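Biologist: Please take a close look at a single part of this model, and explain each term as you come to it.

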Amino acid sequence: MKNSKLLLLIIAVLMMFSITACQQENTPDDAAPIKTDLTMGYTTEPEGLDPHRTAAASTFAITNNIYDTLVGVTSDWEIVPRLAKEWDISENGMEITFKLRDDVKFHNGRDMKAKDIEFSIKRLKDVESPRARDYANIKDIEVVDDYTIKFTTEKLDVELLKSFAYPWAAIVPEEAAADLKTKPVGTGAFTLKEWIPQQQLVLQRNDNYYGDKAKLETVKLVLLPDATSMLAGFQAGDLDIIPLTGDQVTVVEGNAEYKVISEPMNAVQIMSINTNHEILSNEKVRQAMAMAINKKEVIDASMFGYGDQIGSHLPPTSPDYFDTNDIIEYNPDKAKELLKEAGYENGFDINMSLPKNYQLHVDGGQVIADQLSKIGINVNIEIIEWGTWLSDVYGAKKFDTTVVGHTGRLDSFAFLSRYYSNSNDYISLKTGEVDELLDRAQQELDADKRTEIYKEIQEILANKLPAIYLQTPRTILALQKNVDGMEIFPIDFYDFKEVYFN
Amino acid sequence: MKKNLSLGLGMILVLLILAVWILSFIYMPYKPNEMNISERFMKPDFNSEHILGTDNFGRDILSRIMYGSRNVLLVGVGSVTLGTMIGIILGALAALFKKYASSLIMRIMDGLMAFPGILLALMLVTVVGRGLKGSIIAISIFMVPVFSRLVYSMILDTENLLYIKAAKSYGSSKFTIFIRHFIPAMLPRLITQYSSAIGSAVMIETSLSFLGLGIQPPFASWGLMLSEARQFFLVYPYLAVAPGIAIIITVLGFNLIGDGLNDILIYRRLLL
Amino acid sequence: MLRYVISRVKSSIVVLLVVSIITFFVLMIIPGDPAQLILGTEATPEMIEDLHKAMGLDKPLYQQYLSWLVDLAKLDMGKSYVYGESVTTLIAKALPVTMSIAVLAMIFATAFAFLFGMLSAIKKNSFIDYFSRSIMQLGTAIPSFWIGMVFIVYFGLRLKLFPVSGFVTMSESFLGFLKSIALPAIVLSFGEVGTLLRIVRSSMLDSLMQDYMDMAKIQGLRAGKIYLKYALRGALIAPITIIGMQFAKLAGGTVVVETIFALPGIGRLVLTAVEHRDIVLLQGLVMFITSTVIIITLMVDVLIMIINPRIKSVERGE
């Protein structure tokens, strides 16, 4: 009796294996019609799909396909119409009026009107909204008529228009607002079909979309936190697009089946320094550290060369970028001398807090620690969770040094405003050299003059070093060769509307 | 005969690891944390300067394996020793003072056993801090219920034996009886359990390190080396070979010794 | 018997309460603040304070705990901060994944352990005995994440027999479902085989030494019948206990395998909850896992009492 059951079990197990083994052979795709179902791998789970209630880039990457913003941005940083057909900025720059399209419907079938814009931007200014501070300057929102809306600011902000292009400035309908985290309703080219946390998220084409409809029927995003599984799935043909890590490029490149696209991220990787620290408050010490760091090696180790060296807090892609790389160059001998001058001939001990979930920073930090040890600075690495990093390092400013990235704005002011001496930021420039320049930059209507001011700020930062500026890493995507239309944008989002198979 | 085979093989493996451990204090081919980016991802080659190759930072894998043995042994032996001591005390208290301590202590042990292991470790490590200290404390708390339950049930089993009853009737104190009679009676099982527990402690340590909760970079631990290798595994599979084998040898060694001792100390006594 | 079960249930509830209190307060102690995690690097101290109020995190700890407890009594485990989804739904979505791997792993391990454990005991000191004893030792000595990595490369990539990550639901495709959980289950069963094999072998050896075995042989019964009908039956209790216990452990211990194979199960949900300081989600998960373990343990104990009433007094320590 028992014997036969056991035998059955064994047979069942064996059969399972043989079935799975046989089934493998019949791969489809002979002369199939052109595919309209895209599968892409992604690494970080979105934190809900409500763009007004999170700061997670992983959310915006996806929600930008479900919701629309008033204006859009191209991959060349150009602002283009989206829900707004046209806009008008008043003479003094304090008022901006948008004319809306009148053919836009929410996914629930209701027409989008100016009062929805009012509701959405107000919601973005709520207590629970991480971006509230960015929109605090908007003091008045006026619904002129159903398709015209006017914003008035408290102070002049010359970059105001750009703030309506960010994915968090999405337009949402009031009646669906309570459940947007799991049941997003927008006006975008895609709707959410299904989200299984930790597994996948499926977008479905919105056939009532006001513009050119998406070419793809569905986009399936598969969560794969692990780079190895990601590449494996891509090579097996299960995934059409994946983000690549630098070391994997050699595997994919040169294979005619695949394409690689890469763009510098709109981000900077920096080693932030606590200028309240007894030793680190000394400018010479910070300069010595900067000289001891071989940025090329950092980029090689953390991005396998897929990054560009920087000397200050703006990425090379920024229109206001100024090359400050030669202000302080790699020179370990001179670094030792500087340390001696500063009175630390025998070196010293410092801590370095690295955010665990970001391999880029953990790797970069380890290389820096090794390099600093060569001029006698002994670095104790502590790897902490992102939550701890935010509360201890960023919030409470309890740290000596840390390596981290700051990302994703279209205007230089948003990048640099943290250096105001009174900003209470963890790397504010407390000596105040940039305060007045930042004020001027925000008020300057002439773009060229603005760029001049930003150049000056970048030079000051490169010398004063409230942080040591390391690199602008690149985004690398690998695509199957039949995938076209995928672009990398200056803000962290994907746009699947234009993607198609050929 | 084969009893000694387990013990003998186990001894050989553990001695091998111990030899590596001792050697790591005397000589390592390179500094284990020294990076050399231009020489990274060198494949293992017996004739080259890096016998086991180099990792993604160009660090010498052999030196890191040698250095890693220190952490693995320290955490393995340290945590089990700590866990055993606390476990014996708690188990004995529960068994000897049944009225007051038994249900309280054993309920807490039940709670610890029921708590999802990895979650317990996660929380302990976050409270105590990652690294050596955190791993030792977290793993020793894993071990406490194992040993306290063992001691508890062994005392209950032995306390009705004649010679213990006799000792009680002479008026010996509970403490004296515990030291004079219970401890010697329990010793064989404790030693056996101790050896196997080191095997599992090493395994837990590598899992913790693998999940990033153990020894922190840049320092080497075998689990951490595997975790770092995972990123590059597809392209450079050799990165995972050496640490994997080192872990298997260590765990196998301690488990085999445990089994061998079990056969000799416990089965033989039962048969005689 | 009934009294025993009732007293066990009572003390289980106490254990659960203790566990929930520990989880709650440990999470309060450790650094990291859910409000700050939501607001990210843009947050000002005032914004964090405001959000604390909005989330109810400014209330005293015991009030937060009590209100959570009251909700739990109403079978409402709350909404996760991260996903904005109810904890019950999240668990319901993740549970099938973890259960499928655990069950399949247990089937693999049990089948293998019984087959080789019995053979090994019957043919003691033969080649097969040494073979299964080696497996027994290796099974417990090989780290699951290591063997997982090796499997992914060889079976997943080189031979392309199995998908290397992700989960296919049963309703999508049964075959795909089996394929997606086969590798993780085999990896998970590796550790279990060692433990089980050891128990099966030793209890089979015990059973073979019993007097009734000699009787059976003297009566001239066929060897196969002797082993299966008498020896195996005598040797079943210990393995069943262990299977129960191991299964309970498995249900909460799949985190490593789920991480390697990128499976959306309970284990990874736990990791996410801890990383995001999602107290509500973590509390729910801890309660769920602990009660599962406790219930299974209780069931195993009762089962053993039914099979063998002698054990009762020892177990209760009375």
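Modeller: Let us take the interface of chain A and chain B, where contact means heavy atoms within 4.5 Å. The model is predicted, so local features need pLDDT of at least 70 and side-chain atom pairs count only at pLDDT 80 or more, while totals for chains, interfaces and linings use all residues. Residues are numbered from 1 along each chain as its sequence is written, chains are lettered from A and ligands numbered from 1 in the order in which they are written, and side-chain values use heavy atoms, with hydrogens and water left out.

The contact takes 21 residues from chain A and 21 residues from chain B. Between these two chains about 2,000 Å² is buried (the accessible area, with a 1.4 Å probe, that two parts lose on being put together, summed over both), and carbon and sulfur atoms give 56% of that area. Thr228(A), Gln366(A) and Ile383(A) supply 26% of the area that chain A buries against chain B, which is more than any other three residues.

Across this interface the rule finds four residue pairs in polar contact, both residues at pLDDT 80 or more; such a contact is a pair of N or O atoms within 3.5 Å, where, within protein, one must be able to donate a hydrogen and the other to accept it, and residues adjacent in sequence count only if both atoms are side-chain atoms.

On the side of chain A that touches chain B, at least two residues each come from helix 4 (227–235), helix 7 (295–303), helix 9 (359–373) and strand 16 (377–384) of chain A; helices (H or I, at least four residues) and strands (E, at least two) are DSSP runs, numbered from the N terminus. Helix 9 of chain A gives the most to this side, with five residues.
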